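Open the model in your viewer and keep the selection box at hand. This tour goes stop by stop: what to select, then what is there.

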Amino acid sequence: MNVLIVEDERQLSHEIEIFLTKQGYQCDVAFTGKSASEKIYVNSYDFVLLDIGLPDYNGFNLLREAKQSGKESAFIIVTARGSTDDKITGLDLGADDYLSKPFSLLELQARMQAILRRKHGLKNNTIEINGFVLDIQNRTVSFKNNPINLTKKEFDILHYMALHKNRVITRVQLTEHIWGDVLEEDYESNYIDVHIKNLRKKLSVYGNTDFIETVRGIGYRLNMA
Amino acid sequence: MKLQVKLTFYNAIFQALIVIAIGILLPIIIQRVVYNHIDKRLHARADKMMKIIELGGLDDIIKDQECSFDQYNIFKEEYVSISPLSFMPQNFGKDSIENAERNIENEVVKHRVLSRSFLYDNQLYQIEIGEGLSTVEQLNHTINKFTLWMVVIIVLISALMNMTLVQLLLEPFNRIVTKKLKTIHHPATFVEDRIRTSTYEFSYLDQSINEMMIKIRSAFDIEREFITNVSHELLTPISILQNRIENILSDSSLPHDAAVKIVESQKTLLRLSKVIRALLYISKIENEQFLKNENADLQTVTYEVIDELEDRLLQKDIKVHKEWRNDFEMNKCNKSLIHTMLFNLVSNAIKYNKEKGEIFITGKRIDDYFLLSIKDTGIGISEDHLPHIFDRFKRFRPEDEMSYGLGLPIVRTIANFHHIRIEVSSVLNSGTEFRLFFSDTIS
């Protein structure tokens, strides 16, 4: 998978590059709109991570040009302005998704995987963990065809941990994922812990839930072969 | 009261005063003038009589008068009488004029009477010359009536003209009010077209409004630019830090103790990021950077919010009682803002509630408003704190330790943006109720 990171903040593009490379992506970076335009024209990328606020170029124009030249790349636009107008404009121009700064790298990866699933039209869209089957399409969980009644947030948490299996996810990362869009009071709450507790309780009726591991002082990890 | 009505009203009062004044003064003036004329005539006649007496003697006149009086004085309009006086009057040689009733031919008639005393043949006489007043008084009455009607008509016409004139004069002012004051809600939508008027004051007013709005607009633009700059310059470094922390945490060689500390930093960073995002959010709403171009069914949005908070309700075992009596569709609103506003209110109702508490959500129409009430059975807010709950960064309750005190300021900003009135009442240890009043015309 080839990714082009278009970001004028070098430190930021560097961190994204480190992360995505570790996840097995081939990364290319462009610090200006001009070089991004050239790279998109010459190479073929699976993903273009595009910062809308480039100093030399309007990110939307870049997106428009790429779309007009028939590039197949999936575009995820990134903005620090965070206005809904930008979001609508970007999606109207054919962007596949939208992230506001600051965003979690895990969130970025989850969005990329969701785009891939959409693009390849995966019908059989399930993840299996220790006998528990997650149906991503219908957002349900079952164990040996017994449906398990989870709340939306509980499903989201389980799904997110499954996407990032075998790595520790901090409470902050989980909070940002399930409450990220909401500007509410708490900056630190135990909601996540309660969610996990309930999740374990509901799943343990059917099978062993040891695969959900608590990493003391840090967060949670879903262990999966 | 409208200026035009006021001006017309004052004018009418003034005109009415004129009518009353004329009504009172006119009869007096007319009477004076008439008496003046009669008196002059009486003097002239008296002088003429005296001449006749000097030339022809008194006896002739008396004789003449007596024989011809009846024939010439059928209407008792005039009379002359000469009678001897037995004493010297105080005003000898001077004429005195008075209104008096005189009996002429057995009929009492009101006269204007001039009396003059004179010496003839060493005998004192008094001559009285009278002129009847009945015709004159009738004439007076007619003139009075006529003039009064004339004045009333003139006043009415002038009042009408005044009204039209006032309307004409105030027309540019009305246009300033309707075009510039009533319809403009935001400096960005302000049109600086000048209102055409030859009245200096209105032109000055119009110009002042224009200048003010342009100043406000530039302040808005500066704020907008500031928001964009802050967004970029603060959120970008936060973004870098956040991603770097994530990369550090994913390093499996990182010692556990160090990882725990880094996770703490991640929490602090989240706090910083949330505060900045919340402040930017408030500024953006106040700067009108959100569009109000959606319709939303309030019940749907409210129930969506409750659904979204399902887990927290379950966690605290809180029961929600929903009662929705009338439908209410919000026009020209921003759905996501309304959602955020209700989310913050309902999530507060959960957060500050007791275990196994209750939340009452009621939507109903009250007169011109739609009332949405969110009532909890929670810890309540003390009376001293109640006026300050919408202030930024105010935290009163022990449960607030983990919050940054911007939840309710966001609620208020969104409510103001949509012209929604908020009332809060609270009883300590018993619960809080937020009442939102939505008006039918939101924009």
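Helices here are DSSP runs of H or I with at least four residues, numbered from the N terminus. The model is a predicted one.

**Stop 1: a residue in a helix**

Select B:N140. This residue lies in helix 3 of chain B. Is B:N140 buried or exposed? B:N140 counts as buried, because its relative accessibility is 8% and the limit for buried is under 20%. Now show what surrounds B:N140. Leaving out residues up to four places away in sequence, B:N140 touches B:I30, B:Q31 and B:V34.

**Stop 2: along helix 3 to a salt bridge**

Stay on helix 3 of chain B, which covers residues 134–182, and select B:K180. Add B:D206, which belongs to helix 4 (residues 200–249) of chain B. The two side chains meet in a salt bridge, 2.7 Å from N to O. The partners are 26 residues apart, so this pair links distant parts of the chain. Both ends are out of reach of the probe to a good part: B:K180 is buried at 5% relative accessible area, and B:D206 is buried at 0%.

Next, select B:R41, B:R45, B:E78 and B:E131. Salt bridges with shared partners join these four into one network.

**Stop 3: salt bridges in chain A**

How many salt bridges does the structure hold over all chains? The count is 31. Pick out A:K101 and A:D51. Their closest N and O atoms are 2.9 Å apart. A:K101 sits in the loop between strand 5 (97–100) and helix 5 (105–119) of chain A, while A:D51 is in strand 3 (residues 47–51). The pair spans 50 residues of the chain. A:K101 is buried, with a relative accessible area of 2%. A:D51 is buried too, with a value of 2%.

Move to A:E154 and A:K202. This salt bridge also has its closest N and O atoms 2.9 Å apart. Here helix 6 (residues 152–163) of chain A supplies A:E154, and helix 8 (residues 191–204) of chain A supplies A:K202. The two residues are 48 apart in the chain. Compare the two ends. A:E154 counts as buried at 2% relative accessibility, whereas A:K202 counts as partly exposed at 27%.

**Stop 4: charges over rings**

Select A:K153 and A:W179. The charged end of A:K153 sits over the ring of A:W179, 4.2 Å from the ring centre. Then select B:R312 together with A:Y191. B:R312 lies over the face of A:Y191, 3.8 Å from the ring centre.

**Stop 5: ring against ring**

Over all chains, a search of the whole structure finds 17 aromatic pairs. Start with B:Y120 and B:Y125. Their ring centres are 6.5 Å apart and their planes meet at 65°, so the pair is edge-to-face. B:Y120 is partly exposed, with a relative accessible area of 24%. B:Y125 is buried, with 17%.

Now go to B:W324 and B:F370. This aromatic pair is tilted, with 5.6 Å from centre to centre and 35° between the planes. B:W324 is in strand 6 (residues 319–324) of chain B, and B:F370 is in strand 9 (residues 369–376), 46 residues apart. B:W324 counts as buried at 15% relative accessibility. B:F370 counts as buried at 0%. Widen the selection to B:Y303, B:F328 and B:F438, which form one aromatic cluster with B:W324 and B:F370.

**Stop 6: the nonpolar core**

Keep B:F438 selected. Add A:L108, B:L298, B:M341 and B:L342. These five have the most contacts inside the largest nonpolar core, which has 98 residues. Which helix gives the largest share of this core? Helix 8 (residues 335–351) of chain B does, with nine residues. Zoom in on B:M341. Beyond its neighbours within four places in sequence, B:M341 is in contact with B:V411, B:I414, B:A415, B:I420, B:L436 and B:F438.

**Stop 7: step back**

Colour chain B by domain. The assignment gives domain 1 (3–139), domain 2 (200–286) and domain 3 (294–439). Taken over C-alpha atoms, the centres of domain 1 and domain 2 of chain B are 100 Å apart.

Conventions: Residues numbered from 1 in each chain as written. Chains lettered and ligands numbered in written order. Predicted model: local features only at pLDDT ≥ 70, side-chain atom pairs only at ≥ 80, totals over all residues. Heavy atoms only, no water. Phe/Tyr/Trp six-rings, centres within 6.5 Å; stacked < 30°, edge-to-face > 60°. Buried < 20%, exposed > 50% of the residue type's maximum accessible area, 1.4 Å probe, protein only. Lys NZ or Arg CZ within 6 Å of the ring centre and 35° of its normal. Core = buried A, V, L, I, M, F, W, Y, C linked by side-chain atoms within 4.5 Å. Contact = heavy atoms within 4.5 Å. Domains from an automatic or database assignment.
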